[in-house]
Amino acid sequence: MLLASLNPAAVAAGGDRSDAVTIDGTTLSRSDLVGAATSVAERVAGLPRVAVLAEPTVSTVLAIVGALIAGVPVIPVPSDVGAAERAHILGDSGAVAWLGAPGDDTLPVVPVRVHARSWHRYREPDPDAVALIIYTSGTTGAPKGVPVRRAQIAADIDALAKAWAWTADDTLVHGLPLFHVHGLVLGLLGSLRIGNRFCHTGKPTPEAYATAGGTMYFGVPTVWSRIAANPEAASALRGARLLISGSAALPTPVFERLRELTGHAPIERYGSTESLITLSTTVDGERRPGWVGTPLDGVSTRLVGEDGTLAPHDGETIGRLEVRGPMVFGGYLGRPDATEEAFDDGWYRTGDVAVIGADGMHRIVGRESVDLIKTGGYRVGAGEIETALLGHPGVAEAAVVGVDDEDLGQRIVAYVVGDADEAELIDYVAQQLSAHKRPREVRKVDTLPRNAMGKVLKRQLAGGAK
Ligand code: MLC
Ligand code: AMP
């Protein structure tokens, strides 16, 4: 059962807890959650797919859990989504309704009532059934839908529970979005499967983390570097059991500073929307700054060298990282071309470049493509921002790059030829795509640097902009 702790039988057998989920100032007991989510399930059962505007609220939690109970695939739409991206996600996914807060007026709304209760028992859907469709960026084009099957989620959470000794006695805290793997699959669904207390802080500020009283904290590196810069908040985390970082590389100075201030060497783990989490350091293993750990239960990894042959696991040779395991997806929604490109003989091509040590430890060296940007832990394709910018009448040419940034890891910088105002372009992207995809800087240029083939020299732009 995907959400074992929400099994009505488990609750009825005395498995209730008064504080299963705290979010947006409200705390739900496990029986409140089961009753209200099952009432949502009754409203959506039989629908092909539903969308949820995934704001961090009780309504979002009930909508997603209700759809999962009913076996209806749910599309968590970014809470800061813009008009063009929202239209793409709704059209591409085939969602037939908004569940809870409406994201726009194009689809009917199925209300989520926090105080409604139903005790109907649904049969557990097939493990191969799609639980979620999460949209994620590629190097070009609009975001692609990643169908995430129930069995993938269950396998990933169970493997992480083993690596982290995660139990029902834990209190998991984070303030991450509920429309990506990190905050939603690991944070919320992980807690509901394990049966631990889950607390969402709202914005993931150092102050909010300091007062949340967790045993396990999740954060992207931007969150951890802000905590590391706030000694008072950091020292409040001394009583925690595990501080866990993922979604982007945790800089070594942040790792060291956290260890100094909190007494904990952070756990690092690595994954993606397509593969869920595949690598992690462990509770009782080595936590080495700059390294993301060893394969989780059931995961195999390999490195493919420049010449297409397998590269040795010697801690030095760099290769393209490929992974296999029960948590890896089967293919993009309606995109056989992209799916074929994503797999190499059954292995998922992560797009990351890595080294593997003889001891099985992995270090992520970087990404193969300069066109996939990681900013604040969000994955953003340069191509989709360029397309959005070119839709503005004041833009003749555009090239988008990720520039090293102390706070965000990379910040999005757009080079633009044209007469549009810089601030207006930033707002334009925020309104078309989503606020987190907006360039933090627009630089007007007379021409873009190009090679003899006319291709923009992105690495030159990214390096030159430092
Ligand atoms: C400013 N703002 C604008 C704006 N200018 N909004 C619209 N248009 C403009 N022109 C506003 C924002 O809306 C927001 O408002 C405020 O400025 C702050 O901007 P922000 O960009 O939201 O905040 P920032 O501080 O940069 O966010 C840092 C962050 C965030 C770490 C909180 O990047 C974050 O939540 N990252 C998590 C990403 C994540 O979960 N990734 C996991 C992917 S899964 P306001 O009012 O809201 O403050 C994955 C797999 C794995 O990778 O391995 O985990
Ligand atoms: P997403 O699809 O948003 O989940 O992004 C997945 C990508 O995030 C991976 O392919 C990596 O590039 C990056 N990533 C995730 N975790 C880590 C990590 N611990 N260290 C470095 N990069 C990471």
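Start by selecting ligand 2 and two strands of this predicted model: strand 13 (267-272) and strand 19 (347-356), which each supply at least two residues of the shell around ligand 2. Which strand gives the most to this shell? Strand 13 does, with four residues.

Now show the side chains around ligand 2. The shell has 15 residues, and those that come nearest are Arg269, Thr273, Asp352, Arg367 and Arg379. By class, the shell around ligand 2 has four nonpolar, six polar and five charged residues.

Next, look at individual atom pairs at ligand 2. Select Asp352: a polar atom of its side chain lies 2.5 Å from an oxygen atom of ligand 2. Then select Thr273, where a polar side-chain atom is 2.8 Å from an oxygen atom of the ligand. At Ala248, turn on the backbone, since the atom to find there is a backbone N or O, 3.5 Å from a nitrogen atom of ligand 2. How much of ligand 2 does the protein bury? Taken alone, ligand 2 exposes 500 Å², and the protein buries 92% of that.

Move to ligand 1. There are 24 residues around ligand 1, and Ser247, Arg269, Gly376, Asp427 and Arg440 come nearest. Arg269 is also listed among the residues that come nearest to ligand 2, so keep Arg269 selected while you move between the two ligands. The shell around ligand 1 divides into ten nonpolar, seven polar and seven charged residues.

Pick out the nitrogen atoms of ligand 1. An N or O atom in the side chain of Asp427 is 2.6 Å from a nitrogen of ligand 1. A polar backbone atom of Gly377 is 2.9 Å from a nitrogen atom of this ligand, and a polar side-chain atom of Arg438 lies 3.2 Å from a nitrogen atom of ligand 1. Taken alone, ligand 1 exposes 1100 Å², of which the protein buries 70%.

Colour the elements that give two or more residues to the shell around ligand 1: helix 6 (181-194), helix 8 (221-228), strand 13 and helix 13 (422-432). Helix 13 gives the most, with three residues. Then colour by domain: domain 2 (197-367) and domain 3 (372-464) each provide at least three residues of the shell around ligand 1.

Finish at helix 12 (residues 382-390). Is this helix mostly covered or mostly uncovered? Helix 12 is mostly covered, with seven of its nine residues buried. Select these buried residues in turn: Ala382, Gly383, Glu384, Ile385, Glu386, Ala388 and Leu389.

Notes: Residues numbered from 1 in each chain as written. Chains lettered and ligands numbered in written order. Predicted model: local features only at pLDDT ≥ 70, side-chain atom pairs only at ≥ 80, totals over all residues. Heavy atoms only, no water. Near = heavy atom within 4 Å. Polar contact = N/O pair within 3.5 Å; in protein donor to acceptor, adjacent residues only side chain to side chain. Areas by Shrake-Rupley, 256 points an atom, 1.4 Å probe, with all protein chains shown as cover. Nonpolar A, V, L, I, M, F, W, Y, C, P; charged D, E, K, R; others polar. Buried < 20%, exposed > 50% of the residue type's maximum accessible area, 1.4 Å probe, protein only. Domains from an automatic or database assignment.
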